[in-house]
2 protein chains.
Amino acid sequence: MSKTSQPKRKTERSLKHNHGACIETALSRAEQRCAEEGERFTGLRRQVLELVWAEHKPAKAYDLLKKLSDIRSGVAPTTVYRTLDFLQERGLVHKIESLNAYVGCSQPNAEHSGHFLICEACSEIKEIENSKISAWLESAAQDEEFKIKTETVELSGLCIRCQPS
Amino acid sequence: MSKTSQPKRKTERSLKHNHGACIETALSRAEQRCAEEGERFTGLRRQVLELVWAEHKPAKAYDLLKKLSDIRSGVAPTTVYRTLDFLQERGLVHKIESLNAYVGCSQPNAEHSGHFLICEACSEIKEIENSKISAWLESAAQDEEFKIKTETVELSGLCIRCQPS
DNA sequence: CGATGATAGTTATAATATAACACTTCAACT
DNA sequence: AGTTGAAGTGTTATATTATAACTATCATCG
Ligand SMILES: [Zn+2]
Ligand SMILES: [Zn+2]
Ligand SMILES: [Zn+2]
Ligand SMILES: [Zn+2]
């Protein structure tokens, strides 16, 4: 970790960014969020959230289960799913339906459905700003007089780093 | 089918429409599509597609398995999944990722990702016209220099019939 | 006919998710 | 401090969804 040169493209998130900061931010936001809602941010919940945030990639429930087993005892599928449900309900993680996997929510703010770009090559997932997309989708739904409650928007393809040049 | 008066709102699909025609259309389109591509539209494939088209609602693989077992022998999960895969690859059915279920494709034409309105109350699913939405999503992805290959767009909520008045 | 590849059958198992109930912890109240 | 009730977690069992690997059958073409 004492390397000094990092010559890289600005878009190369995995190289450029201080991911420790992502994790810190996510955890402290979670803490705050739970406090606001009178919920307890327990050790288990913190550990699961940390594991989900280990990368900007989808975390599978049973992989989380394995990793969690390394750091505490008495871990079963229920443990993981219950905790993920809790985190989801508070908007701290999202489920990626097309992958049966979970990612940390990177939109600090209000309740929202996540909208995702999913790279098929490197697996990185980016949650994109959603108000514009939500407005578009609502207008499309409105044409059918349909009232949207939750949006699943998962766009798979190639991120810039993985596109052939 | 000899009723003469149909006083209903144009949006009430389940009341207004001749679903037999939906099925006929889907089957003949499938036949044509397979012919074009040099694929065989076998009895099994036809039966599965018919079952998927039984309603404008999501069909679960294991429900299809049960129904299929009633009309032929030697049916196993593999049978159903393999056939659904075949139909999906030809754009004849779509998988609804958020429900782990399948619906018939109602967009005769080109290869496309489906975009869906899913009623949480009555389960009806409507595939909506997608070129506009696709264009929007592509522009959003473009902002991140992301190249979309497949779109999962599933909007859950209430259809007009199920909205409280 | 007999070779060939596609289709379908068969058996087993993997991967994902939930149910039901018991035990523990923690905060609020006396 | 002791009581209590709800929230959190542990435990066991099972349901649901999906795939792998191999075999048998069928359709087509030379
Ligand atoms: Zn990060
Ligand atoms: Zn990538
Ligand atoms: Zn119909
Ligand atoms: Zn409805």
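Visitor: How many aromatic pairs does the structure hold over all chains?

Guide: In this predicted model, three aromatic pairs are found over all chains. One of them is formed by A:Y62 and A:Y81, with 6.3 Å centre to centre and 65° between the planes.

Visitor: Why is the pair of A:Y62 and A:Y81 called edge-to-face?

Guide: Planes over 60 degrees apart count as edge-to-face. The planes of A:Y62 and A:Y81 stand at 65°, and the pair is therefore edge-to-face. The centres are 6.3 Å apart, and the limit for pairing is within 6.5 Å.

Visitor: What makes this pair a tie between parts of chain A?

Guide: A:Y62 belongs to helix 4 (residues 61-71) of chain A and A:Y81 to helix 5 of chain A, so the pair ties together parts that are 19 residues apart in sequence.

Visitor: Are A:Y62 and A:Y81 buried or exposed, and how do you know?

Guide: Buried means under 20% relative accessible area and exposed over 50%, with partly exposed in between. A:Y62 has 46% relative accessibility and so counts as partly exposed. A:Y81, at 32%, is likewise partly exposed.

Visitor: Why is the pair of A:W136 and B:W136 called stacked?

Guide: The angle between the planes of A:W136 and B:W136 is 25°, with 5.6 Å centre to centre. Planes under 30 degrees apart count as stacked, and therefore this pair is given that name. A:W136 lies in helix 6 (residues 131-143) of chain A and B:W136 in helix 6 (residues 131-143) of chain B, so the pair joins two chains.

Visitor: What burial class do A:W136 and B:W136 have, and why?

Guide: The cut-off for buried is under 20%. A:W136 counts as buried because its relative accessibility is 19%, and B:W136 is also buried, at 19%.

Visitor: What makes the arrangement around the zinc ion (ligand 2) tetrahedral?

Guide: The protein donors of this ion are the SG atoms of A:C119, A:C122, A:C159 and A:C162, lying 2.1 to 2.6 Å from it. Four donors count as tetrahedral if all angles lie between 85 and 135 degrees. The angles around the zinc ion (ligand 2) are 96 to 127°, so the arrangement is tetrahedral. Along the chain, the donors follow the spacing C-x2-C-x36-C-x2-C.

Visitor: Are the donors A:C159 and A:C162 buried or partly exposed, and why?

Guide: A:C159 has 10% relative accessibility and therefore counts as buried. A:C162, at 26%, counts as partly exposed.

Visitor: How do you know which arrangement the donors of the zinc ion (ligand 3) have?

Guide: B:H17 (NE2), B:H19 (ND1), B:C22 (SG) and B:H56 (NE2) are the protein donors, 1.9 to 2.3 Å from the zinc ion (ligand 3). The four donor atoms subtend angles of 104 to 117°, and the arrangement is therefore tetrahedral. The spacing of these donors along the chain is H-x1-H-x2-C-x33-H.

Visitor: Which residues come nearest to DNA strand C, and what makes a contact with this strand polar?

Guide: Of the 21 residues around DNA strand C, the nearest are A:K60, A:T78, A:K95, B:T42 and B:R82. A polar contact is a pair of N or O atoms within 3.5 Å. A polar side-chain atom of B:T42 lies 2.5 Å from a phosphate oxygen of the strand, and the side chain of A:Y81 places an N or O atom 3.0 Å from a phosphate oxygen. For B:R82, the partner is a base nitrogen, at 2.6 Å.

Terms used
Residues are numbered from 1 along each chain as its sequence is written. Chains are lettered from A and ligands numbered from 1 in the order in which they are written. This is a predicted model: local features need pLDDT of at least 70, side-chain atom pairs count only at pLDDT 80 or more; totals for chains, interfaces and linings use all residues. Side-chain values use heavy atoms; hydrogens and water are left out. Donors are N, O and S atoms within 2.8 Å of the metal (3.2 Å for Na, K and Ca); water is not among the atoms, so sites may look incomplete. Four donors count as tetrahedral if all angles lie between 85 and 135 degrees; four count as square planar and six as octahedral if opposite donors are over 155 degrees apart and all others between 65 and 115; anything else is irregular. Buried means under 20% relative accessible area, exposed over 50%, partly exposed in between (1.4 Å probe, protein chains only). A residue is near a molecule or strand if one of its heavy atoms lies within 4 Å of it. A polar contact is a pair of N or O atoms within 3.5 Å; within protein, one must be able to donate a hydrogen and the other to accept it, and residues adjacent in sequence count only if both atoms are side-chain atoms. Rings of Phe, Tyr and Trp (its six-membered ring) pair if their centres lie within 6.5 Å; planes under 30 degrees apart count as stacked, over 60 as edge-to-face and the rest as tilted. Helices (H or I, at least four residues) and strands (E, at least two) are DSSP runs, numbered from the N terminus.
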